[in-house]
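Biologist: I am new to this structure and would be grateful for a close look at a single part of it. Please take the surroundings of the ligand and follow them inward.

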Amino acid sequence: MSKKIVTRNVSVIYRGKHDREPVLACNGIDLEVEEGAFVSIVGPSGCGKTTILYAIDGLLSINGGEILVNDKRITGPGIDRALVFQSASLLPWRTVWGNITYGLKLHNGLDQERLAKIQSLIDLVGLRGFEKRYPSELSGGMQQRANLARALAVDPDILLLDEPFASVDAQTREKLQIELTQIWQRTQKTMLFVTHDIAEAVFLSDKVVVFSARPAQVRETINIDIPRPRSLETKLSPVLQGYVKRVWNLIDAPS
Ligand SMILES: Nc1ncnc2c1ncn2[C@@H]1O[C@H](COP(=O)(O)OP(=O)(O)OP(=O)(O)O)[C@@H](O)[C@H]1O
Ligand SMILES: [Mg+2]
C-alpha cells in the first residue's frame, strides 16, 4: 500500500514569547500512515500530539525533518487535508448547513452536484432534519457530527482528528466511534486520530502509535490485529483488552 503521510525526523520547537524558554514539543517524529488506513496517536498529556497533527496539517512550521503527503513535501495547509478540532469549532452564527458549506464556498463553490453531496454527507453523519439549527441548539454529540461533516465536506484525502470526542458523554462517544468507523469505511479516507482514550484508539485503529512524554518521540507502533467490522462486543473482548494493557504499560513505562 502506498504511503499517504510520512514524517521523517520531525521536530517542532515553540519559541516562547518575551524571554520564555523555547519548548521542544516534538523530537524527531517518524510516522508512516498508509493510504486508507486508520492510525491513532496516544501519549501522555502535553507530550506533543496536537503539535504533530497541526504540523501535518501545515498550520505549524517544523524546525527539523520533513513531512510528506502523497510523496510530496508539504509547505502549508492544503485541501488534501482537513482537521477536526477537539472543541466544537463551529461558527455560532451559522446554521449546521452554513457551517458545513462555509469552507466549500472558499474552495470550490457550490454547484448542484456539490449540494447533493453535502446532503448525503449530512445523512451520513446523522444530522438530517437539523440543517437549519444553530450550534447552540445542538447537543455536544451533534456538534461533533457537524464538525466531522464540515471536515468531510471539502472531500479531503486525509482527516486529522484531535480528540474529537473528548467533550461528549461516554455513551455518545461509543456511538460516535462506531459511526466514525462506518464513515471511514464508506469514504475510504486516511485517518490520523489523536486521543487520550486508549480503548478508543485500539478499537478504531489499524495501528496505534505510542508517544513518549514531551518532547514526543515514537515509543512504539502497535499493529491492531482485530478483524473488522468491529462492534461494541469487540470493545469488551479479551483480545482488545490485551492491546489496551500493552499500550498502557508503554505509556506508563519510564523513559
Ligand atoms: N503555542 C505554544 N507555545 C509554547 N508552548 C506550547 C504551545 N503550544 C503547545 N505548547 C507546549 O508544547 C507541548 C506539547 O503540546 P501539545 O498541545 O502538542 O500536547 P498534547 O500531547 O496535544 O497534549 P494534550 O494531550 O493535553 O492535548 C506542551 O508542553 C505545551 O505546553
Ligand atoms: Mg492536544
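Modeller: The account below begins at the ligand, follows one helix into the core, and ends with some points in the backbone. The model is a predicted one.

Ligand 1 is surrounded by 13 residues, and the closest of them are Y14, S45, K49, T50 and T51. Two elements, β2 (23-34) and α1 (49-57), each give two or more residues to this shell. Helix α1 contributes the most, with three residues. Sorted by class, the shell around ligand 1 holds seven polar, four nonpolar and two charged residues.

Helix α1 therefore deserves attention in its own right. Of its nine residues, seven are buried, and the helix is mostly covered. The buried residues are K49, T51, I52, L53, A55, I56 and D57. K49 and T51 are also among the residues closest to ligand 1. Just after α1, G58 adopts a positive phi of about 95°.

From α1 the path leads to L160. Leaving aside residues up to four places away in sequence, L160 touches L53, I56 and D57, together with R81, A82, L83 and L192. L53, I56 and D57 are among the buried residues of α1. L160 is also one of the residues with the most contacts inside the largest nonpolar core, the others being A149 and L192. This core has 63 residues, and helix α4 (residues 140-153) gives the most to it, with seven residues.

Helix α4 has a partner in α3 (residues 112-124): the two pack at an angle of about 145°, and their axes are 10 Å apart. The crossing of α3 past α4 is right-handed. On the α3 side, I118, L121 and I122 take part, and they meet A149, L152 and A153 in α4. The residues of this contact comprise six nonpolar, no polar and no charged.

Another residue of interest, R145, is also placed in helix α4. R145 counts as buried because it has 27 C-beta neighbours inside 10 Å, where 20 or more are required. Apart from residues up to four places away in sequence, R145 touches V125, G126 and L127. Between R145 and L124, which are 21 residues apart in sequence, the C-alpha to C-alpha separation is 9.4 Å.

A buried residue in another helix is A201, which lies in α6 (residues 198-204). Its 26 C-beta neighbours inside 10 Å are why A201 counts as buried. A201 and V42 are 159 residues apart along the chain, while their C-alpha atoms are separated by 7.4 Å. Besides V42, A201 touches S40, T195 and V208, with residues up to four places away in sequence not counted.

Some backbone details complete the account. The peptide bond from R214 to P215 is cis, with omega near -5°, and P215 is in the loop between β9 (207-211) and β10 (218-223). The bond from R228 to P229 is also cis, with omega near 0°; P229 is in the loop between β10 and α7 (232-236). N9, in strand β1 (residues 3-14), is not a glycine but has a positive phi of about 50°. N9 counts as partly exposed because it has 13 C-beta neighbours inside 10 Å. N70 likewise is a residue other than glycine with a positive phi, near 50°. This residue lies in the loop between β4 (64-69) and β5 (72-73), and with 15 C-beta neighbours inside 10 Å N70 counts as partly exposed.

Key:
Residues are numbered from 1 along each chain as its sequence is written. Chains are lettered from A and ligands numbered from 1 in the order in which they are written. This is a predicted model: local features need pLDDT of at least 70, side-chain atom pairs count only at pLDDT 80 or more; totals for chains, interfaces and linings use all residues. A residue is near a molecule or strand if its C-beta atom, placed from the backbone, lies within 6 Å of it. Helices (H or I, at least four residues) and strands (E, at least two) are DSSP runs, numbered from the N terminus. Ala, Val, Leu, Ile, Met, Phe, Trp, Tyr, Cys and Pro count as nonpolar, Asp, Glu, Lys and Arg as charged, and the others, Gly among them, as polar. A nonpolar core is a set of buried Ala, Val, Leu, Ile, Met, Phe, Trp, Tyr and Cys residues joined through C-beta atoms within 7 Å. A residue is buried if 20 or more other C-beta atoms lie within 10 Å of its own, exposed if 12 or fewer, and partly exposed in between; C-beta atoms are placed from the backbone. Two residues are in contact if their C-beta atoms, placed from the backbone, lie within 7 Å. Axes are lines fitted to C-alpha atoms, for helices over the stretch in contact, and angles run from 0 to 180 degrees between N-to-C directions. A crossing is left-handed if the near helix is turned anticlockwise from the far one by less than a right angle, and right-handed if clockwise.
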